[in-house]
Amino acid sequence: MIKFIKASFSLAKNIKTTGALTETSLFVTKEITRNIIPTKSQIILEVGAGHGNVTKVILKKMHPKSTLYSFELNRDFCLTMQEKFNDPRLKIINDNAENFEKYLIEKEVDAIISTLPFTLFPKQLSLEILSKFKDKLNQDGQFSQVYYSLFFLKVVRLFFDQNKIKLVANFPPAFIIHSSKK
């Protein structure tokens with residue numbers, strides 16, 4: 001319980017960058033990582049890693065030869081993740097999500113998993129990030145994003161042709177949108 005309270009305080013204190021008051025629920029982490037293929041080597045981009053709740057599930061599911069690039073703006077959160085995980089497949093990067101391209105050597109990625117609070121970002125920044133995500137995904141790649149309202153769906157549809165929406169138990173209730181370029 002103390003861990004939950006500390007995490008919630010830390011998230012709330014950084015609400016403008018985290019967009020969250022509580023850590024991501026198990027239901028959300030399970031759904032948002034459903035496109036991770038354990039039998040296939042993948043390049044995975046995670047943005048808004050926070051304390052690593054989603055990161056932990058990705059690492060458990062992903063293939064031994066996969067690589068996970070996890071971006072988190074908050075330095076303290078990155079340090080927490082470094083203490084939690086000792087996995088050579090994980091690259092923790094303390095930087096803004098929009099700068100991800102300068103760290104990825106690979107031309108394309110197979111999956112993008114995001115908990116970024118797009119609705120708190122200036123619209124132009126959201127458009128730039130989504131455009132970069134679309135460009136970086138390979139042809140069969142999947143972009144998965146958690147939202148707390150469907151208000152932002154119309155913006156996502158500007159970049160991704162296919163969007164599947166799943167309502168997931170969380171506080172507050174969450175929507176996971178799985179998007180692809182097909």
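A polar contact here is a pair of N or O atoms within 3.5 Å, where one must be able to donate a hydrogen and the other to accept it. I write that down at the start, as several entries below use it. The model I looked at is a predicted one.

**Entry 1, the cap on α5.** I went to the N-terminal end of α5 and found asparagine 74 capping it. A side-chain oxygen of asparagine 74 lies 2.8 Å from the backbone nitrogen of aspartate 76. That distance falls inside the 3.5 Å limit for a polar contact.

**Entry 2, the two faces of α5.** Which residues of helix α5 are buried? In this helix, residues 75–84, I noted Phe77, Cys78 and Met81 as the buried ones. They cover an arc of only 100° around the axis, so they sit on the same side of α5. I then checked the face turned away from that buried side, and the exposed residues there are Arg75, Asp76 and Glu83. Aspartate 76 therefore appears twice in my notes: its backbone nitrogen faces the asparagine 74 oxygen, and the residue is exposed, with a relative accessible area over 50%.

**Entry 3, the strands on either side.** I looked up how β2 (residues 67–71) and β3 (residues 90–93) pair, and they do so in the parallel sense over four bridges. Phenylalanine 71 has isoleucine 93 in β3 as its bridge partner. From β2 the chain crosses through α5 to β3, and this β-α-β crossover is right-handed.

**Entry 4, the whole protein.** I stepped back for the overall layout. I listed seven helices and seven strands, and along the sequence they follow α-α-α-β-α-β-α-β-β-α-β-α-β-β. The protein has 182 residues, and 52% of them are buried. For contacts between residues at least 6 apart in sequence, 66% join residues at least 24 apart. The exposed area is about 9,700 Å², and carbon and sulfur atoms supply 56% of it.

**Entry 5, the cis bond.** Most peptide bonds are trans. I recorded the bond from phenylalanine 171 to proline 172 as cis, with omega near -5°. Proline 172 is in the loop between β6 (162–168) and β7 (174–180), and phenylalanine 171 is placed in the loop between β6 and β7 as well. Is phenylalanine 171 buried or exposed? Its relative accessible area is 63%, so I entered phenylalanine 171 as exposed. I also took the C-alpha to C-alpha distance from phenylalanine 171 to threonine 24: 8.6 Å in space, against 147 residues in sequence.

**Entry 6, asparagine 170.** Asparagine 170 also belongs to the loop between β6 and β7. Why do I count asparagine 170 as buried? Its relative accessible area is 17%, and buried means under 20%. Its side chain makes a polar contact of 3.1 Å with the side chain of serine 25. Setting aside neighbours within four places in sequence, I found asparagine 170 in contact with Glu23, Thr24, Ser25, Val28 and Tyr148.

**Entry 7, threonine 29.** I finished in helix α3 (residues 26–32), where threonine 29 is placed. At 3% relative accessibility, threonine 29 counts as buried. A polar atom of its side chain lies 2.9 Å from the backbone oxygen of leucine 26. Beyond neighbours within four places in sequence, threonine 29 is in contact with Thr24, Asn53, Val54 and Val57. Thr24 thus recurs: I have it in contact with asparagine 170 and with threonine 29.

Terms used. Residues numbered from 1 in each chain as written. Predicted model: local features only at pLDDT ≥ 70, side-chain atom pairs only at ≥ 80, totals over all residues. Heavy atoms only, no water. Buried < 20%, exposed > 50% of the residue type's maximum accessible area, 1.4 Å probe, protein only. Contact = heavy atoms within 4.5 Å. Areas by Shrake-Rupley, 256 points an atom, 1.4 Å probe, with all protein chains shown as cover. Arc of directions from axis to C-beta. Pairing = 2+ DSSP bridges. Right-handed = clockwise from strand over helix to strand, strands pointing away.
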